[in-house]
Amino acid sequence: MKAFVVGTEDRPGELSRIGEAMGTAGVNITALAGLTGEGAGLIGLLVSDEAGARGALRAAGIEAKEVEVIRIALPDEPGALAKAARKLATAGVNVELILSTGISHGKGGVVLAVSDPRRARTLLGDLVVDA
């Protein structure tokens with residue numbers, strides 16, 4: 001699974017430009033996170049159709065970096081994220097992007113881009129919900 005990371009300027013209309021490109025192509029954004037600072041912004045997104053998103057972004061002239069991600073399900077309780085993040089940190093695996101996909105059935109859905117996906121899958125074991 002891939003996430004798309006888009007660098008933007010920190011100005012009105014950047015999010016709508018991305019959303020319009022996805023909407024016009026019929027691609028649903030299933031999760032996103034973003035922030036701005038010092039005149040720039042970063043938006044990370046998951047989509048329903050990676051190939052469609054790739055084409056839509058290209059057609060709109062929007063540059064995006066694609067990153068491999070893993071999906072995990074954390075218990076909906078205090079400290080669950082800290083425990084998983086500590087396992088990664090102790091093993092030297094860096095978290096480069098985190099997206100929340102909501103809570104369902106007592107579990108918090110989280111998508112991570114990390115410096116070593118294979119190692120992260122092993123370390124997080126039964127928390128991983130994608131192969």
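How many salt bridges does the count come to? The count comes to five salt bridges, and this tour visits several of them. Keep in mind that the structure on your screen is a predicted model.

**Stop 1: Glu9 and Arg11**

Select Glu9 and Arg11 and show their side chains. The two side chains meet in a salt bridge, with 3.3 Å from N to O. Take a moment to see how much of each residue can be reached from outside. Glu9 has 46% relative accessibility, so it counts as partly exposed. Arg11, at 45%, is partly exposed too.

**Stop 2: Glu14**

Keep Arg11 in view and add Glu14. Here is another salt bridge, joining the side chains of Glu14 and Arg11 at 3.3 Å from N to O. Is Glu14 buried or exposed? With a relative accessibility of 7%, Glu14 counts as buried, because buried means under 20% relative accessible area.

**Stop 3: Arg17 and helix H1**

Now add Arg17 to your selection. Its side chain meets that of Glu14 in a salt bridge of 3.2 Å, N to O. Next, colour helix H1, which covers residues 14–24. Glu14 and Arg17 sit three residues apart in this helix, so about one helical turn separates them. Arg17 is partly exposed, its relative accessible area being 30%.

With Glu9, Arg11, Glu14 and Arg17 shown together, you can follow one network, joined by salt bridges that share partners.

**Stop 4: Thr8 and strand E1**

Leave the charged side chains visible and select Thr8. This residue lies in strand E1, made up of residues 2–9. Thr8 has a relative accessible area of 11%, so it is buried.

Which residues is Thr8 in contact with, leaving aside its neighbours within four places in sequence? Select Glu14, Ile18, Ala40, Gly41, Leu42 and Ile43 to see them. Glu14 should be familiar: this buried residue has salt bridges to Arg11 and Arg17, and it is also among the contacts of Thr8.

**Stop 5: a nonpolar patch**

For the last stop, switch to a surface view and select Leu81, Val95 and Ile98. Together they form a nonpolar patch on the surface, with about 220 Å² of accessible area.

Where is Ile98 found? Turn the cartoon back on and look at strand E6, residues 95–104, which contains Ile98. Ile98 is partly exposed, and its relative accessible area is 39%.

Conventions:
Residues are numbered from 1 along each chain as its sequence is written. This is a predicted model: local features need pLDDT of at least 70, side-chain atom pairs count only at pLDDT 80 or more; totals for chains, interfaces and linings use all residues. Side-chain values use heavy atoms; hydrogens and water are left out. Patches are made of residues with over 30% relative accessible area and no salt bridge: like charges are joined within 9 Å, nonpolar side chains (Val, Leu, Ile, Met, Phe, Trp, Tyr) within 5 Å. Accessible areas come from the Shrake-Rupley method with a 1.4 Å probe; for residues, only the protein chains shown count as cover. A salt bridge is a side-chain nitrogen of Lys or Arg within 4 Å of a carboxyl oxygen of Asp or Glu. Helices (H or I, at least four residues) and strands (E, at least two) are DSSP runs, numbered from the N terminus. Buried means under 20% relative accessible area, exposed over 50%, partly exposed in between (1.4 Å probe, protein chains only). Contact means heavy atoms within 4.5 Å.
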